[in-house]
Every structure is written in structure tokens, then in C-alpha cells.
Amino acid sequence: EMTRKWIKLWCYERLHGSVSYQLTEAEQSIWDKFLCLAGLCKYDGLIADNDRRPYPHSFIVHEFHTTEKLFNSTLAKCTAEGRIIENAEGIRITNWDRYQSDYNRQKPYRKTE
């Protein structure tokens with residue numbers, strides 16, 4: 001239970017993986033912002049407030065500096081592809097642990113967070 005100062009992106013997979021052809025260029029940017037917001041939230045991979053309540057979509061749209069249309073299309077595609085699950089707790093990045101495993105491994109070497 002912590003917020004992060006950085007998240008890991010796999011370079012090759014980000015440029016050549018399924019995200020690059022399943023999402024438009026604009027949607028790819030929103031996907032990256034989903035990852036960033038998930039990193040800032042208290043619970044690993046879960047976009048929600050500190051009490052595990054989902055943020056309203058309008059709040060996330062504002063945080064992402066985007067439109068509802070672009071947010072909704074990205075959310076729908078990422079949900080359909082299994083990247084995201086949305087439920088009563090919030091929006092969860094489904095493979096967060098696999099994506100972000102180095103963060104916890106490197107924690108002892110970082111100065112205070």
C-alpha cells in the first residue's frame with residue numbers, strides 16, 4: 001500500500017506489442033495515463049481513493065486532461081482486451097504485478113519515499 005514515483009514500461013513491448021495496434025495513438029496515451037494513475041494510487045494497480053472507492057469517471061477525465069469520448073473509448077477497448085477490470089472498488093490494471101515487479105525489488109535501494 002503505497003504510491004509510486006515511477007512505473008515500469010517495457011520499451012519493446014510498448015512500441016511493438018498489441019497496444020500499438022489495438023489502440024489509436026490518442027488511446028495509447030490514455031492507457032499510459034491509466035498506468036501512471038494506478039501508480040499514484042494507494043493500492044497496487046487499483047485506481048481508487050484511499051478507502052477503495054472508485055473515482056468518478058469525470059474525475060479521471062479531468063486528471064488525464066482528456067475528453068469523455070477518448071476516455072470511454074480507451075476504457076472500453078482496454079476492458080475488452082482484458083487489460084482493465086472495472087468493479088465496485090475501481091479500475092484495476094489486470095497484470096499490474098507482472099508489469100511493476102521491479103519496483104518492489106528495488107525498494108531497499110531507494111532513499112526514503
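Q: Helices are DSSP runs of H or I with at least four residues and strands are DSSP runs of E with at least two, both numbered from the N terminus; how many of each are in the protein chain?
A: The protein chain has six helices and three strands. Along the sequence they follow the pattern α-α-α-β-α-α-β-β-α. The model is a predicted one, in which local features need pLDDT of at least 70 and side-chain atom pairs count only at pLDDT 80 or more, while totals for chains, interfaces and linings use all residues. Residues are numbered from 1 along each chain as its sequence is written, and side-chain values use heavy atoms, with hydrogens and water left out.

Q: What makes arginine 14 a buried residue?
A: Buried means under 20% relative accessible area, exposed means over 50%, and partly exposed is in between (1.4 Å probe, protein chains only). Arginine 14 has a relative accessible area of 18%, so the residue is buried. Arginine 14 belongs to helix 1 (residues 11-16). With neighbours within four places in sequence left aside, it is in contact (heavy atoms within 4.5 Å) with Val19, Ser20, Gln28 and Asp32.

Q: Which class do arginine 4 and arginine 52 fall into?
A: Arginine 4, in the segment before helix 1, has 5% relative accessibility and therefore counts as buried. Its C-alpha is 8.8 Å from that of cysteine 36, although 32 residues separate the two in sequence. Arginine 52, in the loop between strand 1 and helix 4, has a relative accessible area of 32% and is therefore partly exposed. Of the 113 residues of the protein chain, 36% count as buried.

Q: Why are helix 3 and helix 5 called roughly perpendicular?
A: Axes are lines fitted to C-alpha atoms, for helices over the stretch in contact, and angles run from 0 to 180 degrees between N-to-C directions. Angles under 35 degrees count as roughly parallel, over 145 as roughly antiparallel, 65 to 115 as roughly perpendicular and the rest as oblique. The axes of helix 3 (residues 25-40) and helix 5 (residues 68-80) cross at roughly 75 degrees and come within 9 Å. The two helices are therefore roughly perpendicular to each other.

Q: Which residues make the contact between helix 3 and helix 5?
A: Helix 3 contributes Ala26, Glu27, Ile30, Trp31 and Phe34, and helix 5 contributes Leu70, Phe71, Ser73, Thr74, Leu75, Lys77 and Cys78. Eight of these contact residues are nonpolar, two polar and two charged. Ala, Val, Leu, Ile, Met, Phe, Trp, Tyr, Cys and Pro count as nonpolar, Asp, Glu, Lys and Arg as charged, and the others, Gly among them, as polar.

Q: How do you know where the buried residues of helix 4 lie around its axis?
A: In helix 4 (residues 57-64) the buried residues are Ile60, Val61 and Phe64. They cover an arc of only 105 degrees, which means that they sit on the same side of helix 4. The arc is that of the directions from the helix axis to the C-beta atoms. These residues pack against helix 3, strand 1 (46-47), helix 5 and strand 3 (90-93). The face turned away from the buried side of helix 4 carries the exposed residues Ser58 and His62.

Q: What stands out in the phi of histidine 65?
A: Most residues other than glycine have a negative phi. Histidine 65 is not a glycine, yet its phi is positive, about 55 degrees. This residue follows helix 4, in the loop between helix 4 and helix 5. At 71% relative accessibility, histidine 65 therefore counts as exposed. Arginine 52 also has a positive phi, near 60 degrees, and is a residue other than glycine.
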